[in-house]
There are 2 protein chains.
Amino acid sequence: MNLRNLRTFVATAEDGGLGRACSRLNLSQAAASRQIHALEAELGVAVFEHVGRGLRLTSEGELLVQRSRQLLADAAMLVEHARAL
Amino acid sequence: MNLRNLRTFVATAEDGGLGRACSRLNLSQAAASRQIHALEAELGVAVFEHVGRGLRLTSEGELLVQRSRQLLADAAMLVEHARAL
DNA sequence: GGTAGTTACGAATTTCGTAACAATC
DNA sequence: GATTGTTACGAAATTCGTAACTACC
């Protein structure tokens, strides 16, 4: 597993689409799409579903985005804690 | 930050040296050394100190290895939880 | 026609292992 | 001289952006 894919996943969920998120992440839309698909393949779960032209979290995605956000926060805390030593 | 570097760090701390850990990680000793140095550079902290021919955790490393182990466990739980959906 | 996401492709970056090195025993 | 960790180098693998495509409005 990979924190970067998790960040892209969370950002996309928060922004409600790839376009918004990938500019915030300094990433092309294609790269963001690939990262999310890689994450889904690894977890064996679809985190987004297609609705119209866009993406929406699945119910599984809703659960995972919370856990992912928590893990990313914990990781950031670890870094912050280390740098404060 | 990077979970793989964290895994290498924790494994090396547990095994008390690169040699033991890197065989367990299916990684060359050189790669393990690089990962740990990259982690130290990113965190701005030395997690190991040289003692004789080997490595030993610094006091900061002692603190960080615990947090790292926890983060890795949380990440594994996330994956496990996702796959169970 | 315009927008959102996906996929193919070659380019750029990262990461790897081998080999040579320094230091300790 | 043997063992442990580090560093240089080219090779392998990953990841990227552009561009072409599909689907929806």
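In the predicted model, a side-chain N or O atom of B:Arg4 lies 2.5 Å from a phosphate oxygen of DNA strand C. Two further side chains of chain B make polar approaches to the backbone of this strand. For B:Ser28, a polar side-chain atom is placed 2.8 Å from a phosphate oxygen of DNA strand C, and for B:Gln35 the separation between a side-chain N or O atom and a phosphate oxygen of DNA strand C is 3.1 Å.

Around DNA strand C there are 22 residues, of which A:Ser33, A:His37, B:Arg4, B:Arg34 and B:Arg53 come nearest. Of the atoms of DNA strand C that come within 4 Å of the protein, 70% belong to sugar and phosphate. Both protein chains contribute to the surface near this strand: at least two residues each are supplied by H2, H3 and strand E2 (54-57) of chain A and by helix H3 (29-43) of chain B. The greatest contribution is that of H3(A), which provides five residues. By residue class, the surface near DNA strand C consists of six nonpolar, ten polar and six charged residues.

The surroundings of DNA strand D were examined in the same terms. This strand is surrounded by 22 residues, and A:Arg4, A:Ser28, A:Arg34, B:Ser33 and B:His37 are the closest. Sugar or phosphate accounts for 69% of the atoms of DNA strand D within 4 Å of the protein, the remainder being base atoms. Polar approaches to phosphate oxygens of DNA strand D involve side chains of both chains. In chain A, an N or O atom in the side chain of A:Arg4 is 2.5 Å from a phosphate oxygen of DNA strand D, and a polar side-chain atom of A:Gln35 is 3.1 Å from a phosphate oxygen of that strand. In chain B, the corresponding distance for a polar side-chain atom of B:Ser33 is 2.6 Å.

Elements that each supply at least two residues of the surface near DNA strand D are H3 of chain A and, in chain B, helix H2 (18-24), H3 and strand E2 (54-57). H3(B) holds the largest share of this surface, with five residues. The surface near DNA strand D is made up of six nonpolar, ten polar and six charged residues.

Helix H3 of chain A, which gives the most to the surface near DNA strand C, was considered in further detail. This helix covers residues 29-43; at 1.5 Å a residue, its 15 residues should span 21 Å, and the end C-alpha atoms are 21 Å apart, so the expected and computed spans agree. The buried residues of H3(A) comprise A:Ala31, A:Ala32, A:Gln35, A:Ile36, A:Leu39, A:Glu40 and A:Leu43. A:Gln35 is thus buried within the protein while a polar atom of its side chain lies 3.1 Å from a phosphate oxygen of DNA strand D. Within chain A, the buried residues of H3(A) pack against helix H1 (3-15), helix H2 (18-24), strand E1 (48-51) and helix H4 (59-83); they also pack against helix H4 (59-83) of chain B. After H3(A) comes A:Gly44, which has a positive phi near 70°.

The loop between H2 and H3 of chain A contains A:Leu25 and A:Asn26. A:Leu25 has a relative accessible area of 28% and is therefore partly exposed. Residues touched by A:Leu25, apart from those up to four places away in sequence, are A:Thr8 and A:Ala11. The C-alpha atom of A:Leu25 is 9.6 Å from that of A:Thr12, a residue 13 positions away along the chain. A:Asn26 has a relative accessibility of 72% and so counts as exposed. Its phi is near 55°, a positive value in a residue other than glycine. In chain B, B:Asn26 is located in the loop between H2 and H3; phi of B:Asn26 is likewise positive, near 55°, and B:Asn26 counts as exposed because its relative accessibility is 70%.

The two protein chains also contact one another, with 23 residues of chain B meeting 23 residues of chain A. About 2,100 Å² is buried between chain B and chain A, and carbon and sulfur atoms account for 73% of this area. On the chain B side, the residues that lose the most area to chain A are B:Met1, B:Arg67 and B:Leu78, which together make up 28% of what that side buries.

Conventions: Residues numbered from 1 in each chain as written. Chains lettered and ligands numbered in written order. Predicted model: local features only at pLDDT ≥ 70, side-chain atom pairs only at ≥ 80, totals over all residues. Heavy atoms only, no water. Helix = DSSP H or I, 4+ residues; strand = E, 2+ residues; numbered from the N terminus. Expected span 1.5 Å × (residues − 1). Buried < 20%, exposed > 50% of the residue type's maximum accessible area, 1.4 Å probe, protein only. Contact = heavy atoms within 4.5 Å. Near = heavy atom within 4 Å. Polar contact = N/O pair within 3.5 Å; in protein donor to acceptor, adjacent residues only side chain to side chain. Nonpolar A, V, L, I, M, F, W, Y, C, P; charged D, E, K, R; others polar. Buried area = accessible area lost by both parts, 1.4 Å probe.
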